[in-house]
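Good morning, and thank you for making room for this on the agenda. Please have the sequence and the picture open side by side, and follow along as we go from one piece to the next.

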Amino acid sequence: MSKLLQLVSALFIITLPSEIVAQKHDFKMKNIEELTDEEKYVIISKGTEKPFSGKYNDFYEKGNYYCKACDSKLYESSSKFKSNCGWPSFDEEVENAVKKIPDRSFGMNRIEIVCANCNGHLGHVFYGEYFTKKNTRHCVNSLSLKFVPDKKKYDE
Ligand SMILES: [Zn+2]
């Protein structure tokens, strides 16, 4: 019996550090282990990929965009438009999929957008630029997104 207790406590000690690490990000980020350092820098540390560098910046295929950290559906390709700002731009999110948070970092007054499910950083939202009728630009890092084309199953 005492050997069993030793085993149980040893297991507890081994699993503890990873739980502490897990507390630094949202538990809903189920794909956390698959994220690259670059993706973690953007999604968890709220970094920004270099303009015009993202794989979805100049990309207009039909399909849907999902959160790379948790697979929540965030945007449809029908809301994507060309803004020439250097990052993927959308004028509308999937209902209730994106949370908006005031961001006063870097001396600017911006609105951060995060995945409503896992709080992963997406980018910022801007209003009043008249790019489209909806007058809204979700400026999103490609690294935060996973595109799935229409007519393909999600896990293909
Ligand atoms: Zn997410």
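**Loops, hairpins and the core**

Let me begin with asparagine 119, which sits in the loop that links strand 6 to strand 7. Before I go further, please keep in mind that what we are looking at is a predicted model. The phi angle of asparagine 119 is near 65°, and that is a positive value in a residue that is not glycine. Is asparagine 119 buried or partly exposed? It counts as partly exposed, because 18 C-beta neighbours lie inside 10 Å, while a residue needs 20 or more to be called buried.

The strands on either side of that loop make up a hairpin, with five residues between strand 6 and strand 7. Strand 6 covers residues 110-115 and strand 7 covers residues 121-127, and the two run antiparallel, joined by four bridges. If you would like one pair to find on the screen, take isoleucine 111, whose bridge partner in strand 7 is valine 125.

On its other side, strand 6 pairs with strand 5, again in the antiparallel sense, and here there are six bridges. Lysine 100 stands opposite isoleucine 113 of strand 6. This pair of strands is also a hairpin, with six residues between the strands, and within it phenylalanine 106 takes a positive phi near 60°.

Now let us step back to the sheet as a whole. Six strands form an open sheet, with antiparallel pairing, and their order is 3-4-8-7-6-5. Its edges are strand 3, at residues 80-81, and strand 5, at residues 98-103, each of which pairs on one side only. Between strand 7 and strand 8 there is another loop, and it holds asparagine 135. Asparagine 135 also has a positive phi, of about 60°, although it is not a glycine. This residue is exposed, because 12 other C-beta atoms lie within 10 Å, and 12 or fewer is the cut-off for that word.

Strand 1 has partners of its own. It is joined to strand 9, residues 145-149, by five bridges, and the two run antiparallel; glycine 63, for example, stands opposite proline 149. Strand 1 also pairs with strand 2 over three bridges, in the antiparallel sense, and there tyrosine 65 stands opposite tyrosine 75. Strand 1 and strand 2 form a hairpin with five residues between them, and in its turn aspartate 71 has a positive phi of about 70°.

Finally, which residues touch the most other members of the largest nonpolar core? That core has 26 residues, and the answer is Cys67, Ala69, Leu74 and Cys115. At least two core residues come from each of helix 2 (37-43), strand 1 (63-67), strand 2 (73-76), strand 6, strand 7 and strand 8 (136-140). Cysteine 115 is a good residue on which to finish, since we can list its contacts: leaving aside neighbours within four places in sequence, they are Cys67, Ala69, Cys70, Ser72, Leu74, Val98, Gly120 and Leu122.

Definitions and conventions
Residues numbered from 1 in each chain as written. Predicted model: local features only at pLDDT ≥ 70, side-chain atom pairs only at ≥ 80, totals over all residues. Pairing = 2+ DSSP bridges. Core = buried A, V, L, I, M, F, W, Y, C linked by C-beta atoms within 7 Å. Contact = placed C-beta atoms within 7 Å.
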